[in-house]
Amino acid sequence: MEKARGLPADEVFLDLEDAVAPAAKADARTQVTEALRADWGTKIMAVRVNDTSTAWAYRDVVEIVEQAGDRLDVIVLPKVRGPRDIAWLDLLLGQIELAVGLEPGTIGIEAQIEDAAGLALVDEIAAASARLEALVFGPADFMASLGMRSLTVGAQPAGYAGGDAFHYAHLRILVAARAHGLQAIDGPFAAIEDVAGLQRSAASAAALGYDGKWVIHPGQIDTVNAEFSPSQADYDRAELLLEAYDYYTERGRGAATLDGEMIDEASRKLALTAVARGRAAGLSRTSRFEPPAG
Ligand code: GLV
Ligand code: MG
């Protein structure tokens with residue numbers, strides 16, 4: 001926790017769930033509450049509580065939010081199996097916010113989708129609370145839930161000949177997230193030494209449209225940040241496309257070509273997403289649209 005404060009991650013979640021041994025759960029709450037009081041700069045601060053089927057969940061939420069709710073942005077709820085898990089957390093958070101004088105609705109929720117039940121109900125989960133900010137794919141629990149034959153979290157199961165074993169889950173979660181205006185976040189890649197494997201996994205999720213990915217070791221941050229940051233070339237191209245599209249539509253043309261590719265209203269929407277990401281990453285343009293001669 002001490003080290004995490006100085007690392008270039010956008011969000012930090014302090015874990016009370018699977019990284020904490022059962023005998024250490026109560027003590028971990030105290031440590032997490034104290035850690036939340038430290039200076040975390042502009043990082044988004046999250047705590048992952050235990051799931052709703054455990055004896056720890058309610059006390060995790062009550063203790064953390066009562067004692068450090070003013071320092072907390074979101075609760076990460078693991079193993080969400082249906083909308084009632086979210087409804088439970090939403091109601092409990094509302095009660096604690098009232099009790100401690102926080103603005104109702106201040107604390108957000110990120111829902112981990114990480115088993116067959118959760119994936120099957122992902123649309124209802126995504127619609128279950130206005131507090132929801134993101135759906136997070138949890139490959140470890142998901143692989144266990146499905147019976148995938150692999151012990152390496154986030155990596156492709158050896159022997160699978162169908163391409164990407166996570167494609168369905170990734171896309172299913174992404175669709176539900178986008179349908180409800182939420183972010184989609186990819187889960188961890190456990191092989192810390194396998195930088196090329198992490199890079200492939202991050203690049204694939206980013207290409208699909210995911211907004212970010214968990215890291216479980218400081219050594220993974222740069223790789224993941226690089227894969228999720230828009231490239232200068234992609235950003236320039238998107239700005240160029242918007243400019244070209246404006247140029248042509250002002251002249252009454254709904255479709256035109258830019259460097260041999262058709263552009264129309266749908267291309268504009270694609271470009272808007274890429275431009276928003278580039279601007280958010282602080283990029284500035286290095287090229288301008290040149291109207292065709294004549
Ligand atoms: C994360 O919680 C995972 O199960 O992958
Ligand atoms: Mg998990």
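**Helix packing and a magnesium site**

Helices α2 and α3 run roughly parallel to each other, a label given to angles under 35 degrees, and the helices here are DSSP runs (H or I, at least four residues) numbered from the N terminus. I should say early that this is a predicted model, in which local features need pLDDT of at least 70 and side-chain atom pairs count only at pLDDT 80 or more, while totals for chains, interfaces and linings use all residues. Residues are numbered from 1 along each chain, ligands are numbered from 1 in the order in which they are written, and side-chain values use heavy atoms, without hydrogens or water.

The axes of α2 (residues 57-68) and α3 (residues 83-100) come within 10 Å and cross at roughly 30 degrees, axes being lines fitted to C-alpha atoms over the stretch in contact, with angles from 0 to 180 degrees between N-to-C directions. In that contact (heavy atoms within 4.5 Å), α2 contributes residues including Tyr58, Val62 and Glu66, and α3 residues including Trp88, Leu92 and Ile96.

Turning to the metal, the magnesium ion (ligand 2) has as its protein donors Glu114 (OE) and Asp141 (OD), at 2.0 to 2.2 Å, where donors are N, O and S atoms within 2.8 Å of the metal, or 3.2 Å for Na, K and Ca, and the site may look incomplete because water is not among the atoms. Glu114 sits in the loop between β4 (108-113) and α4 (116-120) and Asp141 in helix α6 (residues 139-146), so the pair ties together parts 27 residues apart in sequence. Glu114 is buried at 2% relative accessibility, whereas Asp141 is partly exposed at 23%; buried means under 20% relative accessible area, exposed over 50%, and partly exposed in between, with a 1.4 Å probe and protein chains only.

Conventions: Helix = DSSP H or I, 4+ residues; strand = E, 2+ residues; numbered from the N terminus. Parallel < 35°, antiparallel > 145°, perpendicular 65-115°, else oblique.
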